[in-house]
Amino acid sequence: MRRHLAHLSDEALVALVARGDESALAELYDRCGRMAYGLAFRIVRDDRLAEDAVQEAFMGVWRTAAAFSAERAKASTWILTLVHRRAVDIVRREERRRADPLDDASRDAATDASAEDSAWLGFERERVQTALRQLPDNQREALELAYYGGYSQSELAEKLGVPLGTIKSRMFSGLSRMRELLDDGAPEGSWKPESTS
């Protein structure tokens, strides 16, 4: 289906992404995804974290494509720079998370806060579930199977019997919509549904 984009340069694809073309984003992912994953994995040394870094970077491509300047760098270089930044951010986050053990005072404060944290987590879980219910069925199914079922995009394509590019498109669209739904500052009704395969 996306073969009509095969003749376009990476830079032209980024320009299409800036105009909201999901198939152009999926084509970019097909071209750069393997290299992006390899770079992320070399930095984070963990399959799942590398996938997270690549996913976050391509969400960044989706959100910031209009700011890309072909005069400054090739599109692939720009994308890999985003992947590198996300991977480094993830390493830093993981290092902070695993850092110093809690001292007694911190442990007591953590115990006091646990009931509040549990309530907050329950609230957040309900918000996510509510947002998921607002997605088209095919996007919700892809996200739930990926995040709750632990399936990779390739496994999802095989399980659901659809092309890998379709799975990627559904996930990008679904995550983009979820961000809008969960953004407290977004005006109500700011998103218009589009059909996705």
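**A helical chain and its two largest pockets**

Of the 197 residues in the protein chain, 38% count as buried, and I should say at the outset that what we are looking at is a predicted model. The protein chain has 8 helices and 0 strands, and if you follow the sequence from start to end the pattern reads α-α-α-α-α-α-α-α. Among the contacts in the protein chain with a separation of 6 or more, 60% are accounted for by residues 24 or more positions apart.

Let me begin with a pair of helices. Two packed helices are described by the angle between their axes and by the distance between those axes. Helix α1, residues 10-18, and helix α2, residues 22-44, pack at an angle of about 145°, and their axes are 8 Å apart. The crossing in which α1 passes α2 is left-handed. On the α1 side the contact is made by Asp10, Leu13, Val14, Leu16 and Val17, while α2 contributes Ala24, Leu25, Glu27, Leu28 and Arg31. Sorted by class, this contact of α1 with α2 has 7 nonpolar residues, no polar ones and 3 charged ones.

Moving along the chain, we come to Arg45, which sits in the loop between α2 and α3, the latter being residues 47-64. Arg45 is not a glycine, and yet it has a positive phi of about 60°. Is Arg45 buried or exposed? Arg45 is exposed, because its relative accessible area of 59% is over the 50% cut-off.

I turn now to the pockets. The largest pocket has a volume of about 590 Å³, and of the 21 residues that line it, Tyr29, Glu51, Gln55, Ser152 and Gln153 are the closest to its centre. Which helices each supply at least two residues of that lining? They are α2, α3, α6 (137-147), α7 (153-160) and α8 (164-182). The lining of the largest pocket divides into 8 nonpolar, 6 polar and 7 charged residues.

The second largest pocket holds about 450 Å³ of space. It is lined by 16 residues, and those that lie nearest its centre are Val128, Tyr147, Leu175, Met178 and Leu182. For the second largest pocket, at least two lining residues come from each of α3, α5 (104-133), α6 and α8, and the lining divides into 9 nonpolar, 2 polar and 5 charged residues.

To bring the pockets together as you look at the model, α3, α6 and α8 each supply at least two residues to the lining of the largest pocket, and each of these helices also does so for the second largest pocket.

Conventions. Residues numbered from 1 in each chain as written. Predicted model: local features only at pLDDT ≥ 70, side-chain atom pairs only at ≥ 80, totals over all residues. Heavy atoms only, no water. Axes fitted to C-alpha atoms, helices over the stretch in contact; angles between N-to-C directions. Helix = DSSP H or I, 4+ residues; strand = E, 2+ residues; numbered from the N terminus. Left-handed = near helix turned anticlockwise from the far one by under 90°. Contact = heavy atoms within 4.5 Å. Nonpolar A, V, L, I, M, F, W, Y, C, P; charged D, E, K, R; others polar. Buried < 20%, exposed > 50% of the residue type's maximum accessible area, 1.4 Å probe, protein only. 1 Å grid on protein atoms, 1.4 Å probe; cavity = no way out; pocket = protein on both sides within 12 Å on 5 of 7 lines; lining within 4 Å. Points joined across faces, edges and corners; volume = space filled by probe spheres on them.
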